[in-house]
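The exercises below are meant to be worked through with the sequence and the model side by side. Try each task before reading the solution that follows it.

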Amino acid sequence: MALRLPRALLEGLVDDAAVFPPGLAPLPRAVAEHLARTAYRDCIGPLLVPATAAADVLALADGAHLRVGLIARPGMPVGPVRDGVAALADSSVQVAGVEVGAGSDWEGLLDLDVPVTVEIPRDGFTEALDRVSAVSADAGGHPLVQAKFRTGATDVWAWPDEAELARFIVAATARGLAFKLTGGLHHILRADHPGPSGGPQHGLLNVLAAVHAAATYAAAERTVASTLAARDAGPLAAVLDALTDDDVAAVRAAFTAYGCCDVLDPLGELAGLGLIDKEH
């Protein structure tokens, strides 16, 4: 029997980060393509846009229903986030969540009644995770805040290797803290890629299997790092193919989504291996 990924493992997993590097799609094109996209629709999350562009997104949606995440990157103030949520209130554009840096006054956004995602830095890593996990759920157990970690390199952020990403995954799951990832997860398998935006990159299959090990079995960092370093799709796919419904729920409760500037890249690679059905 051919290996297959449980569809629930991928539902809403890939947030559309088309306007952010390295894609840098113009906002009008990103909105139009997101609204028109039908392939793999159930696997794709909200369109991620700068919080400062909320009013522009509303005009571009032109009455169409659109889910967005409002982003203020680390070092940016949170005022535009609050303004963006207010600008989209009671409109056809739904704010699915907001994302800010750990150094910001993110606690001041908790009254917005939308999920808050906090990007965890390298400096002050443990303190930032502890601060987020302290308020990660309300009295009813509903998530208020989740963490985010950058998995791709930028001009100011060196690529995190397997050991560093394993440290984050284990630290988050040990705290019962949900998280997102962002950057670099364009492919499904750990590899070194050529080109100006290439270099070492983590793989989606690796991350899913690593989160399963950490969330389900409390695997040690070295085990999680070994899974992240694997370069053979077969064993990783076999692990994911065998997940029970409870396993899938545990993985996705921990790993809620990740941002990708071309959402069809990883999904197309999965389809190319027959791990999911091809969609057009």
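## Exercise 1: Helices H5 and H7

In this predicted model, H5 and H7 are oblique to each other. Task: work out which angle leads to that description, and which residues make the contact.

Solution. Start with the axes, which for H5 and helix H7 (residues 221–229) come within 8 Å and cross at roughly 125°. Angles of 65 to 115 degrees count as roughly perpendicular and those over 145 as roughly antiparallel, with the rest, apart from angles under 35 degrees, being oblique, and therefore H5 and H7 are called oblique. The crossing in which H5 passes H7 is right-handed. Next come the residues: on the H5 side the contact is made by Glu162, Ala163, Leu165, Ala166, Arg167, Ile169 and Val170, and on the H7 side by Glu221, Val224, Ala225, Leu228 and Ala229. Sorted by class, the residues of this contact are nine nonpolar, no polar and three charged.

## Exercise 2: Helices H5 and H6

Task: describe how H5 and H6 are placed against each other, and say which residues meet.

Solution. The axes of helix H5 (residues 162–174) and helix H6 (residues 204–217) come within 9 Å, and they cross at roughly 40°. H5 and H6 are therefore oblique to each other, and their crossing is right-handed. From H5, the residues Leu165, Ile169 and Thr173 meet Val207, Ala210, Val211, Ala214 and Ala215 of H6. The contact of H5 with H6 holds seven nonpolar residues, one polar residue and no charged ones.

## Exercise 3: Helices H6 and H9

Task: find the angle at which H6 and H9 pack, and name the residues that take part.

Solution. H6 and H9 pack with their axes 9 Å apart and at an angle of about 100°, so the two helices H6 and H9 are roughly perpendicular to each other. H6 contributes Leu208, Val211, His212, Ala215 and Thr216 to the contact, while H9 contributes Asp247, Ala250, Val251 and Ala254. By class, the contact of H6 with H9 has six nonpolar, two polar and one charged residue.

## Exercise 4: The barrel

Task: trace the order in which the strands close into a barrel, and find where helix H9 packs on the sheet.

Solution. Eight strands form the barrel, in the order S1-S2-S3-S4-S5-S6-S7-S10, and their pairing is parallel. On average, neighbouring strands of this sheet are turned by 30° against each other, direction ignored. Helix H9 (residues 245–254) packs on the sheet, where it touches strand S7 (179–182) and strand S10 (255–260), and the direction of H9 makes about 55° with that of S10. For one pair of strands, look at S2 (residues 44–50) and S3 (residues 66–71), which run parallel and are joined by four bridges; valine 49 has leucine 70 in S3 as its bridge partner.

## Exercise 5: A salt bridge and two backbone features

Task: explain which parts the salt bridge of aspartate 16 ties together, and locate proline 22 and aspartate 90.

Solution. The count for the model comes to 17 salt bridges. Aspartate 16 forms a salt bridge with arginine 37, and their closest N and O atoms are 3.1 Å apart. Aspartate 16 lies in strand S1 (residues 14–16) and arginine 37 in the loop between helix H1 (27–36) and S2, so the pair ties together parts that are 21 residues apart in sequence.

For the backbone, the peptide bond from proline 21 to proline 22 is cis, with omega near 0°, and proline 22 is found in the loop between S1 and H1. Aspartate 90, although not a glycine, has a positive phi of about 60°, and aspartate 90 sits in the loop between helix H3 (79–88) and strand S4 (93–101).

Methods
Residues numbered from 1 in each chain as written. Predicted model: local features only at pLDDT ≥ 70, side-chain atom pairs only at ≥ 80, totals over all residues. Heavy atoms only, no water. Pairing = 2+ DSSP bridges. Axes fitted to C-alpha atoms, helices over the stretch in contact; angles between N-to-C directions. Contact = heavy atoms within 4.5 Å. Left-handed = near helix turned anticlockwise from the far one by under 90°. Nonpolar A, V, L, I, M, F, W, Y, C, P; charged D, E, K, R; others polar. Salt bridge = Lys/Arg side-chain N within 4 Å of Asp/Glu carboxyl O.
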